[in-house]
Amino acid sequence: QYVDELAKLIAVNDILLVGPRRTGKTSLIKEYLLQEKEKQNICLYLNLEDCKGLYEFYVRVIREVLNLTDKMSLLQTQTGQFIKDSCNKLSEIFQGKIKFPSDSLGTNIESSIEISFPTFDTKTISELQQELNKILSNLKIALTIVLDEFPEIIFKFPEASKLEQTKQLLSGLRAVRQKLTVDQVKAHRVIIAGSI
């Protein structure tokens with residue numbers, strides 16, 4: 001019953017799923033993901049419990065979107081070249097602090113990225129947001145992106161930049177919902193879940 005309700009809601013809008021710990025939020029989401037897989041709908045699930053900050057959040061989302069879309073041939077443009085261009089752009093943003101072994105691109109992008117994050121910098125975060133937007137708008141179909149344990153990332157922001165980083169994170173989430181270039185009617189959907 002709850003899974004069906006979740007499916008109906010996400011068909012028309014984004015979802016915020018909150019509640020006390022151990023009340024079944026993740027179990028509900030995983031049941032929904034199984035149902036969507038059976039329908040051959042594409043979902044991306046990210047557990048942010050161990051995510052250490054805003055840089056890691058964007059790099060993980062970009063990395064896993066590229067990994068998923070490459071494996072399923074969901075990018076509109078030539079997949080291999082688009083991924084290499086995206087990886088080169090990320091490396092440029094982080095001034096060489098991010099490394100992509102070329103022989104592993106197109107096979108397992110998720111495990112191919114090694115990164116040491118710089119200190120918080122607004123400009124870098126904005127560039128990462130733009131790169132994520134470019135990738136997401138280049139997809140053939142709309143994704144449902146699940147961000148589980150979402151509050152955990154905000155709790156880890158340093159007090160000195162907590163407000164600024166939270167605003168940037170929310171700005172990035174709004175941008176994720178942009179419409180696809182291939183179909184201006186469709187947009188990506190987001191499920192945000194976490195304990196309160």
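Visitor: In this predicted model, how many Å does helix H3 (residues 54–71) reach from its first C-alpha to its last?

Guide: Helix H3 has 18 residues. At 1.5 Å a residue, the expected span is 26 Å. The computed reach is close to that expectation, at 26 Å.

Visitor: Is H3 mostly covered or mostly uncovered, and how many of its residues are buried?

Guide: Buried means a relative accessible area under 20%. H3 is mostly covered, and the number of its 18 residues that are buried is 17.

Visitor: Which residue with a positive phi follows H3?

Guide: The phi in question is near 55°. The residue that follows H3 with this positive value is Ser73.

Visitor: Which strand pairs with S6 over four bridges, and which of its residues stands opposite Ile191?

Guide: Strand S6 spans residues 189–195, and six of its seven residues are buried. Strand S5 (residues 144–148) pairs with S6 in the parallel sense over four bridges. Opposite Ile191 in S6 stands Val146.

Visitor: How many bridges join S1 to S6, and what is the bridge partner of Gly19?

Guide: S1 and S6 run parallel, joined by five bridges. In S6, the partner of Gly19 is Ser195.

Visitor: Why is Leu16 classed as exposed, and what is the area of the nonpolar surface patch that Leu16 helps to make?

Guide: Leu16 is found in strand S1 (residues 15–19). Leu16 is exposed because its relative accessible area is 62%, and exposed means over 50%. Together with Val18 and Ile196, Leu16 makes a nonpolar surface patch of about 340 Å².

Terms used:
Residues numbered from 1 in each chain as written. Predicted model: local features only at pLDDT ≥ 70, side-chain atom pairs only at ≥ 80, totals over all residues. Heavy atoms only, no water. Patch = residues over 30% accessible without salt bridge, like charges linked within 9 Å, V, L, I, M, F, W, Y side chains within 5 Å. Areas by Shrake-Rupley, 256 points an atom, 1.4 Å probe, with all protein chains shown as cover. Salt bridge = Lys/Arg side-chain N within 4 Å of Asp/Glu carboxyl O. Helix = DSSP H or I, 4+ residues; strand = E, 2+ residues; numbered from the N terminus. Buried < 20%, exposed > 50% of the residue type's maximum accessible area, 1.4 Å probe, protein only. Pairing = 2+ DSSP bridges. Expected span 1.5 Å × (residues − 1).
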